[in-house]
Structures are given as C-alpha cells and as structure tokens.
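Thanks, everyone. I have one structure to show you today. Let me put it on the screen.

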Amino acid sequence: MSTAHQLQNRYISEQDYLASEKLANERHEYVDGQIYLMAGASKRHNRIAGNCYRAFMDIGGSNCEAFMGDLKVRARSTKPITTPML
C-alpha cells in the first residue's frame, strides 16, 4: 500500500483539517474524518453562480445571507464541512 493511499484512508481530526486548509492551495471538503479534493469551477459555473447570487441579493426582506464562495460551512444536521459550490 502506498503512503499516499494510507494518508487518504487515515482519520483526520476536524481541527487538523481546518489548520491544513489555511495553508492549502486547493479547496477541500471534510467528511467523517476524510479530506476530499474539490474540482475547480468553469466559466459557465461562475456565470450561473453570479446570476444566482444577484437574484438572492435582489430578493430582500429576509434574514438569510448569500455568499459567493470560498466560505467554509457546517450543516447543523450533518458532520461534513465543505466549501459550497453555488
């Protein structure tokens, strides 16, 4: 078994994941102690995301906030920490 494979299958604590993300050049998500590399977005994806963001901001009158990206979130009902790709 290769070292890279062993590292992929070992448990990573949430604290270690968050610390490593501060130094990472790529985006990752954290699910049950495992870290997964996230793919980059295309121009088409970014256009769609921008249109969605603008539409959400135009709604108004809500307590919700819209963010474009590169923001880690944790869903209350599940464990994963991820960087959403709108």
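I'll go from the overall fold to one ring pair, one helix and one surface patch.

First, a caution. This is a predicted model.

Now the layout. The chain has 3 helices and 4 strands. Read along the sequence, they come in the order α-α-β-β-α-β-β. There are 86 residues in the chain, and 17% of them are buried. About 7,100 Å² of the chain is exposed, with 54% of that area supplied by carbon and sulfur atoms. On contacts: take the pairs at least 6 residues apart in sequence. Of those, 41% join residues at least 24 apart.

Next, the aromatic rings. How many aromatic pairs does the count give? The count is 1. The partners are Tyr-17 and Tyr-30, with ring centres 5.0 Å apart. Their planes sit at 25 degrees, and stacked means under 30 degrees, so this pair is stacked. Where do the two partners sit in the chain? Tyr-17 is in helix 2, residues 14–21. Tyr-30 is in strand 1, residues 28–31. The two are 13 residues apart, and the pair links distant parts of the chain.

Are these tyrosines buried or exposed? The cut-off for buried is under 20% relative accessible area. Tyr-17 is at 0%, so Tyr-17 counts as buried. Tyr-30 is at 4%, so Tyr-30 is buried as well.

On to helix 3. Helix 3 covers residues 43–59. Does its length add up? Let's check. Helix 3 has 17 residues, and at 1.5 Å a residue the expected span is 24 Å. The end C-alpha atoms are 25 Å apart, which agrees. What follows helix 3? Gly-60 does, and its phi is positive, near 65 degrees.

Stay with helix 3 for one residue, Asn-46. Its relative accessible area is 43%, so Asn-46 is partly exposed, the class between 20% and 50%. Asn-46 and Met-68 are 22 residues apart along the chain, and their C-alpha atoms are separated by 9.4 Å.

Last, the surface. Which residues form the nonpolar patch? They are Phe-67, Leu-71 and Val-73. Together they have about 250 Å² of accessible area. Val-73 lies in strand 3, residues 73–74. At 35% relative accessible area, Val-73 is partly exposed.

To recap: a stacked tyrosine pair, a helix 3 whose span agrees with its residue count, and a nonpolar patch on the surface. That's my part. Over to you.

Conventions:
Residues numbered from 1 in each chain as written. Predicted model: local features only at pLDDT ≥ 70, side-chain atom pairs only at ≥ 80, totals over all residues. Heavy atoms only, no water. Patch = residues over 30% accessible without salt bridge, like charges linked within 9 Å, V, L, I, M, F, W, Y side chains within 5 Å. Areas by Shrake-Rupley, 256 points an atom, 1.4 Å probe, with all protein chains shown as cover. Salt bridge = Lys/Arg side-chain N within 4 Å of Asp/Glu carboxyl O. Buried < 20%, exposed > 50% of the residue type's maximum accessible area, 1.4 Å probe, protein only. Phe/Tyr/Trp six-rings, centres within 6.5 Å; stacked < 30°, edge-to-face > 60°. Expected span 1.5 Å × (residues − 1). Contact = heavy atoms within 4.5 Å.
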